[in-house]
Amino acid sequence: MTQAEMAELMGYSTGYYSKLERGERKISLGHLSQISDLLEVPLQVRLGQEKDSTTAEMNQAFRQMTAGYDEEEVELLIDFCQPTLHLIRKAREKELR
């Protein structure tokens, strides 16, 4: 599902929804739940509370990768990676069309 489609389903402008995805705007738990419903992904998975094997392995790999980094360094790493992950997501969406 594209950002434009999600934005329309949620009643947001595409620009506002894009800012939500990039973490530039805060989202309420109710809207996060709505997004989870639209994507058919349980909210517990989106919040990292459901521990399937893939999620657990990814969390463990991230903890290992960032061992020795302080909180600020980990936040910088996440901030650095988010735009790249966003571009990867957009490229995958194009491939699926």
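**Note on the predicted model**

1. Tyr-12 has a relative accessibility of 18% and therefore counts as buried, the cut-off for that class being under 20%. This is a predicted model, and the values in the points below should be read as computed from it.

2. By the ring-pairing rule there is one aromatic pair in the count. The pair consists of Tyr-12 and Tyr-16, whose ring centres are 4.9 Å apart and whose planes stand at 65 degrees, so that the arrangement is edge-to-face, given that planes over 60 degrees apart are classed in this way. Whereas Tyr-12 is buried, its partner Tyr-16 counts as partly exposed because its relative accessibility is 31%.

3. Tyr-12 also belongs to the largest nonpolar core, which has seven residues, the others being Met-6, Ala-7, Met-10, Tyr-17, Leu-20 and Ile-35. Helices α1 and α2 (14-21) each supply at least two residues of this core, and α1 gives the most, with three residues. In soluble globular proteins, nonpolar side chains tend to be buried together.

4. Which residues does Tyr-17 contact, once its neighbours within four places in sequence are left aside? The contacts of Tyr-17 are with Gln-3, Met-6, Ala-7, Met-10, Tyr-12 and Ile-35, and among the core members are Met-6, Ala-7, Met-10, Tyr-12 and Ile-35.

5. On the surface, Met-1, Leu-9 and Leu-39 form a nonpolar patch, and together they have about 270 Å² of accessible area. Leu-9 lies in helix α1 (residues 3-10), and because its relative accessibility is 48%, Leu-9 counts as partly exposed; helix α1 is also the element that gives three residues to the core.

6. Is His-86, which is placed in helix α6 (residues 71-96), buried or exposed? His-86 is buried, since its relative accessible area is 15%, and, with neighbours within four places in sequence left aside, His-86 is in contact with Gln-3 and Glu-21. Gln-3 is also among the contacts of Tyr-17.

7. For the protein chain overall, there are six helices and zero strands, and the pattern read along the sequence is α-α-α-α-α-α. Of its 97 residues, 19% count as buried, and the accessible surface comes to about 7600 Å², with 53% of that area belonging to carbon and sulfur atoms. When contacts with a separation of 6 or more are considered, residues 24 or more positions apart account for 29% of them.

Methods. Residues are numbered from 1 along each chain as its sequence is written. This is a predicted model: local features need pLDDT of at least 70, side-chain atom pairs count only at pLDDT 80 or more; totals for chains, interfaces and linings use all residues. Side-chain values use heavy atoms; hydrogens and water are left out. Patches are made of residues with over 30% relative accessible area and no salt bridge: like charges are joined within 9 Å, nonpolar side chains (Val, Leu, Ile, Met, Phe, Trp, Tyr) within 5 Å. Accessible areas come from the Shrake-Rupley method with a 1.4 Å probe; for residues, only the protein chains shown count as cover. A salt bridge is a side-chain nitrogen of Lys or Arg within 4 Å of a carboxyl oxygen of Asp or Glu. Helices (H or I, at least four residues) and strands (E, at least two) are DSSP runs, numbered from the N terminus. Buried means under 20% relative accessible area, exposed over 50%, partly exposed in between (1.4 Å probe, protein chains only). Contact means heavy atoms within 4.5 Å. A nonpolar core is a set of buried Ala, Val, Leu, Ile, Met, Phe, Trp, Tyr and Cys residues joined through side-chain atoms within 4.5 Å. Rings of Phe, Tyr and Trp (its six-membered ring) pair if their centres lie within 6.5 Å; planes under 30 degrees apart count as stacked, over 60 as edge-to-face and the rest as tilted.
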